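Here's a walk through a fold and some of its charged pairs. Have the structure open alongside the text.

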Amino acid sequence: MKNILVFTGKRGGYGALTNIINYFKKDKNFKTTIVLTDMHLKKEFGRTSEEVKKSHKKIISINIGSQSNSNLQRTVSLSILINKFAKILNKIKPDLVLLLGDRGETLAATFTSIQMGIPVAHIQAGDISGGLDNIHRHAITKLSHLHFSQNENQKRRVLNLGEEKKRVYNSGAPYIDNVLNSQMPNFNDVCKKLKLDLKKKNYSIILQHSDTYRQSKSYEDMKNILKTIKILNIPSIVIYPCSDPGYLGIIKSIKEFAKAEIFNIFKSVEYMDYLCLLKNSSFLIGNSSSGIIEAPYFKTPFLNVGLRQSNRDKCSNVVDVEANTKKILKSVKFIRNNKLFKKKLKSIKKPFGDGNSAFKIYKKIKKTKFDQIFFRKGLTF
């Protein structure tokens, strides 16, 4: 019997973990507990813990205090997480902690697990971006014991960090399992559920997070996006940002444009509903990693605003643009009218796997022996 603890602090990250969790649940040799924290528990981000509870029973929630826009409060919240998570680990005594991504709460959970003598399996190892999360991710890699990368390029990065080859695997991105294998909701049903009056390929999705290196620009950047889309009069779904410091500026801008009829605003959208909307949208604009990872599989254009995702492995659906009204306007016209761009969209392959990531991760964890020998890591240099 393997005792697995799955840790998640963000709505999108949970969506990528669902298929892996389901493999564990179907296998009588696994005992699985899900720990929810951060965004999952907050009303301002849609309290997505309620969504998780619909599918799973063994859930533990960690409230890390009130959110604010400051680095100080975020750091204090992470210290609360470390304190509470350590006590949970001491009680449950899992054989492995499984987590995904690059955010602060993920790093805090990884550090805590290691201090408690529990190995960590990390999904999305070796990816890079353009914000503080870049530092988080590679720190998580150096602390973790199993590394699951999204493609060969990212796997090589992990190996270049000195990780042992036997610990590093190209599993592909578990997000893509949902794109290629899950039953996609009916578009009209999703629109009815969310009270949307939209037509396929006739609307945009706006999803902008704080740039963690440039937090002071959060309000102005989002304002320029919304202003441009309003000028173009494009019906749009606007989704609240994640909890990175600077998010209040984005929410402030959203509220200022809330009365515009073309904007349909949501604090959160269930993951499969979001994928359906992404698939049928004219384009995604903002700086969400879903424009990098999931959107290419739908051939959906992504206007990548700012530098948060500047170093990611990108496909030809991505058009990088400054958070400037005139340049955003020009880029929207480009993706709508440029024939060469539209031709390149059709030729996109499968950059982050073939939809079997969850099974590969489950099988590797199933056959790995989590003992003291496994916990003691070595370096290749």
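Is Glu 105 buried or exposed? Glu 105 is buried, at a relative accessible area of 1% (buried means under 20% relative accessible area, exposed over 50%, partly exposed in between, with a 1.4 Å probe and protein chains only).

Before going further, some ground rules. This is a predicted model, where local features need pLDDT of at least 70 and side-chain atom pairs count only at pLDDT 80 or more, while totals for chains, interfaces and linings use all residues. Residues are numbered from 1 along each chain as its sequence is written, and side-chain values use heavy atoms, with hydrogens and water left out.

**The two sheets**

Helices (H or I, at least four residues) and strands (E, at least two) are DSSP runs numbered from the N terminus, and two strands pair if DSSP finds at least two bridges between them. One open sheet has 7 strands with parallel pairing, in the order S3-S2-S1-S4-S5-S6-S7. Its edge strands are S3 (59-62) and S7 (168-170), each pairing on one side only. Neighbouring strands here are turned by 20° against each other on average, direction ignored (axes are lines fitted to C-alpha atoms, for helices over the stretch in contact, and angles run from 0 to 180 degrees between N-to-C directions).

Within this sheet, 3 bridges join S5 (residues 120-123) to S6 (residues 146-149), and the two run parallel. His 122 has His 147 in S6 as its bridge partner. Helix H3 (residues 71-92) packs on the sheet, touching S1 (2-8), S2 (30-37), S3 and S4 (96-100); contact means heavy atoms within 4.5 Å. The direction of H3 makes about 165° with that of S1. Helix H4 (residues 104-115) packs on the sheet too, touching S1, S2, S4 and S5.

The other open sheet has 6 strands in the order S10-S9-S8-S11-S12-S13, again with parallel pairing. S10 (263-266) and S13 (318-321) sit at the edges with a single partner strand each, so one side of each has no neighbour in the sheet. The twist averages 20° from one strand to the next. S8 (residues 204-207) and S11 (residues 283-286) run parallel and are joined by 4 bridges, with Leu 207 standing opposite Gly 286 in S11. Helix H9 (residues 218-232) packs on this sheet, and its direction makes about 165° with that of S8.

**Charged pairs**

A search of the whole structure turns up 22 salt bridges (a side-chain nitrogen of Lys or Arg within 4 Å of a carboxyl oxygen of Asp or Glu). Here are three of them.

| Pair | N to O distance | Separation in sequence |
|---|---|---|
| Asp 27 and Lys 366 | 2.7 Å | 339 residues |
| Arg 74 and Glu 105 | 2.8 Å | 31 residues |
| Asp 244 and Arg 308 | 3.0 Å | 64 residues |

Asp 27 lies in the loop between H1 (11-26) and S2, and Lys 366 in H15 (residues 357-367), so this pair ties together parts 339 residues apart in sequence. Asp 27 is buried at 9% relative accessible area, whereas Lys 366 is partly exposed at 29%.

Arg 74, in helix H3, is buried at 8%. Asp 244 is buried at 3% relative accessibility, and Arg 308 is buried at 6%. Salt bridges that share partners join Asp 38, Arg 74, Arg 103, Glu 105, Asp 133, Asp 244 and Arg 308 into one network.
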